[in-house]
Amino acid sequence: MSRKYVAARVGVTVVMALAATLVVFLVAHFIPVDPIQAQLGDLASSKPEIVARYRAHWGLDKPLWEQYLIFLQKLSRGDLGQSIATRRPVLDDIKQYAPASFELGTLTIVLAVSVGIPLGVLAAIKRDGWLDHLARGVSLVGVSAPTFWLAFLALALFYGGLEIAPSPGRLDAGAMPPANFTGLYLIDSLVAGDLRTFASAFAHLLLPSIVLAATTTGVITRTTRASMLDTLDQDYIRTARAKGVREWGVLLRHALRNALIPIFTLGGVAYGQLLSGAVMTETIFAFPGMGRYAFQSAVVLDFPAISGITLIVGLTYLIVNLVVDLSYAVIDPRVVRR
Amino acid sequence: MIQAEVQAPALPMVFVESHAKRRLKRYWLPALGAAIVAVWAVVILVGPAILPYGPTAVDLTARLQPPSTAHLFGTDDLGRDVFSRVLLGARLSLPTGLAVVVIGGFLGIGIGGIAAYAGGKLEEGLMRTADVVLAFPPLILAMAIAAARGVGVGNAVLSLVAIWWPQYARLSRSLILVQRDQEYVQAAHALGHGAVRTLLRHILPNTAGPIVALLTLDVGNAIITFSSLSFLGLGAVPPTPEWGAMVAAGRLLINQWWVSGMPGLAILSVVLAFNFLGDGLRDWLDPRTRQR
Amino acid sequence: MNRCNTHRCVRSATILIGLLVLCLSVILGVGQAAAGAKTVLVLGTDISDTNSLDPQRQFVYSAPITEHAIYETLITMTPGNYKDAKPLLATAWETVENGAALVFHLRPNVKFVTGNPLTADDVKFTFERLKYLKDDASALAENIARVDVIDPLTVKVVLADKTQPLLPFLIAPNFGIVDSKIVKQQGGLSTPDADKNDKATAFLDQRSVGTGPYTLTRWSRSTEIELVRNPSYWRQPAAFERVLIRHIPDSATQVLQLKRGDIDAALNLTFDQLNSLRGTSGINIVKGQSLDFMYVAITSSPDLSQPLSNKLARQALMYGIDYDGIIKGLIGGDAIRPASFIPVGLGGSTTDLTREIGYRQDLDKARALLAQAGLPNGFAFDLSYGSGADVGGVSYEVVAQKLQADLARVKIQANLKPMEQGNLRTAYRKGDLAATITFWNPDAMDASLWADPTVQRVAKRVRWEPDTAAVALAKQAAGELNPQKRDALYVQFQKLLIDQANLCVLFQPVYSHAIRDNITGYQLTAAGWQVDLYDIKPR
């Protein structure tokens, strides 16, 4: 992959992310919700002075194009505006919620891939056997049961019933979070040398990750299986076997490698979705992440928050998909390099 | 090969028998899937005629009763018969789930195919658009569509289709990308086959596997996602029964598992059915596996 | 080549197994052990709406419970009695100048947690800051013209309109007295330009400077609020060293945490969840009658609904609703119902009055009224409500479906229109909805705070233009000093509202919190802060 291509891609990424915020801005103004009314208490909402003050503070009394221009101006200074609901800078909100979603999403995708790919490979080789049925069954349950169901079930079983999982939340009640460096508790606690907090943060991440991974594993298993079946049928596999390559080598170096592309593609999309948050899992596990923040901002039409979130989420998808696209040429020799 | 020829005279009888047996072994699951779909299709068609109770018959004295002979699936928090509601809910949930996946899926596959085949700036443009749509807050889109066009199931499906296609676009593009530079495609070109014909007859069967897998997986996902819109008043309006909404509504009733559980099992059955069917379809489409 | 593959396989397998072992040990190792002597109180509730802990700014549902424990007001009210103010930071008070002002005598020897003594200057600063911040809560201070310091322990509050009440407002946590010296140091202002130039909120969001039994040490948004005991509190020190108000947005999760003992109280459970906890050993249910309502606001505007613009049709609708069924069937009896828009417990409103003059289900009467209105075959209308929301654990959605079923029996067809919260508030407050199921909770503990809005802002929302007599009646009742006369006026007012039939109160809930039996003294209040944390002690 040429540097020029990557540079051009990055440039396009930034432009597209901004375009996304513009589209959201325009689309959101179609919605007849008044974020000030949604925010103010009943008594205050009837006081024109207070309403006017709020509107002026958030620039909602200006025409649309001017509002967007101000948004861009602030953005160029690194200021994403102030959230109408939380009354603090959107950037601060994102700095709190995005790392939580990052930790959760990353651990989830790691789990999903480490379980899903081997399971899918095995299902493909032992096709129509009991292992295939088991793998398919497991993956289907993960995908057809709504996440909030699985989440509560897992919590009730492992936390409530068996009492081996820690309480919902990123840390225990009253626990001091590690000194803020990245916002990722796992990293920050290691940087501070605080192993107890590391263990606690990890333990708190585990159950919600497993729940989220249930769905993603289903997708990855099925995709791996389908893709492997396609690959295993190819002539070059027969050639490799005929050449005397051992079965493991055939499977891993030839079949799986060529089957990876769709797995990477969907894995990338899934990772992006996970990083943008998972509102029901976050609610049930009291995990303050981007999912709930995005949802609550949308419902009350908190414009600054919505724009900020779209920007960040847009950049996330664009980066993840860029990495995935670049990886195609690396993993599969059949893809022509640009 | 020599051995096969020697045994040739005995082959015809043995071949037919084991062929059938092998077919059964391979296709019993898809057959089961088809059966389940057939049952639901009948339920949808016959629908209101076979309900034991009115699905909106509120009876607060019969709240939250467990499954019994009077109420096969128990009653919900307004005393309504869950069995009737599940049966009636099929009319809404199944078709909308299918519609979202089929329309969104095929739209995405088409866009991805065009992108992969066209290459260059068109490919870039389409794929980056897909990325942006993935990043778009789905709730805002649904709310905006509802504001512009009114609330209703059709508009909810529209909102979902609008956010559903990107992952199919990315998937199909990545798969076709691998194939388009292969020798057989070049050979097809040399033979004078047009782009679309090459795409449909040669490339697609080779790439159908993961796509069909995702399509069938997504049906349950679509039904559940549709319910999150209903939950916000943007889809099915209560008291219309809708599986996903019923599961969500019964979520907080920890001890009364049937309120959530029954519609949940209905969704599971549909997901299983379509997945089995999908696998069968895939096996049937693939020329290589058909021979075996 | 092949040996490398196997080697790699074995290596990756070992790593995987190692990770699994690590995970398991981490989980098991970090699994809780319960505490010994109880020094920490943990409450589980949803604090995501808390966007500030600055007492003069916060105006959301979940913040007062904290504010009431860290800041104190001059007067307060005890659970169940919302007519008589009790002394807190003020030991005595009187009305002067024919009702134009209130004079408060402050309690001597009270110190803020900062060490500074409480003086009249702090009261003046606090009240004026609330007024001039012109924020959400400032409407509470509207009737304060100015505050004068008479001497360090005496303060005079001058009313803007002496015919309107002020005293009941002052129990609100927004009037919690702050240490003016520290707040000024941090950029706080009580001058008329405070709305533009006050900078103390960021500080007050992280530290409290009040006189209360607890003090704020940490607020981690959407995670938890941490309070510690104030050692120099002027009464007996608080019973717990630490209080944690933990953010648990999901009620089902609250149930699990309560059962496991990780929280001592769960504040947001649904009716069915509370039912399932009844009889569980170690868990008690604490109930408290509230002054909140769930009510239906019905429009008078023919543009929104021709049938509903007819008073008789609205009355017919109200006779069609199965009020008792809702209260018994959906809430297990944990609610009462006022006659009209003044809650039971204030302004002469009692359950007897409801039986006397209030609506009840009477299908024949409903049908007769419909015939009289020229609608013998009923009519249809749109009923809006907030999706996913609930009042005291009873969801609007369930109530709406019940109403729909009830009204169908008199051929009134209610088309349900769930809306997301922002949309509903906007549309409702603009007066664009035909009928809305919504919620009312007190601005302050005085019947005028229910009566007055019905002829002012709520009237606008239902497109009712009350005649001058109605408005005058509300005003007269508000200004009447004699309690019996006042109650009589309010009863008259309620009869008017009942006849007008724009507002139909469905129920006034009894809130329930589930608590563990290792704590005692837990009492619910309707005054706005849910529970007084100071009262809670370990058993």
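**Chain C: contact with chain B and an open sheet**

Me: In this predicted model, how many residues does the contact take from chain C and from chain B?
Reply: Both chains contribute to the contact, where two residues count as touching if their C-beta atoms lie within 7 Å. The contact takes 16 residues from chain B and, from chain C, 23 residues.

Me: Which element of chain C gives the most to the side that touches chain B?
Reply: Several elements supply at least two residues each to this side of chain C: helix 7 (251-260), helix 8 (271-277), helix 10 (323-331), helix 13 (396-408) and strand 18 (412-419). The one that gives the most, with 6 residues, is helix 13 of chain C.

Me: By class, how many charged residues has the side of chain C that touches chain B?
Reply: This side of chain C has 8 nonpolar and 10 polar residues. The number of charged residues is 5.

Me: Which are the edge strands of the open sheet in chain C?
Reply: The sheet has 4 strands with antiparallel pairing, in the order 4-5-7-6. An edge strand here pairs on one side only. The edge strands are strand 4 (90-96) and strand 6 (144-151) of chain C.

Me: What is the bridge partner of C:Ala101 in strand 7 of chain C?
Reply: Strand 5 (residues 101-106) and strand 7 (residues 154-159) of chain C pair in the antiparallel sense over 5 bridges. In strand 7, the partner of C:Ala101 is C:Val158.

Me: What angle does the direction of helix 3 of chain C make with that of strand 6?
Reply: Helix 3 (residues 120-132) packs on the sheet and touches strand 5, strand 6 and strand 7 of chain C. With the direction of strand 6, the direction of helix 3 makes about 170°.

Key: Residues are numbered from 1 along each chain as its sequence is written. Chains are lettered from A and ligands numbered from 1 in the order in which they are written. This is a predicted model: local features need pLDDT of at least 70, side-chain atom pairs count only at pLDDT 80 or more; totals for chains, interfaces and linings use all residues. Two strands pair if DSSP finds at least two bridges between them. Axes are lines fitted to C-alpha atoms, for helices over the stretch in contact, and angles run from 0 to 180 degrees between N-to-C directions. Ala, Val, Leu, Ile, Met, Phe, Trp, Tyr, Cys and Pro count as nonpolar, Asp, Glu, Lys and Arg as charged, and the others, Gly among them, as polar.
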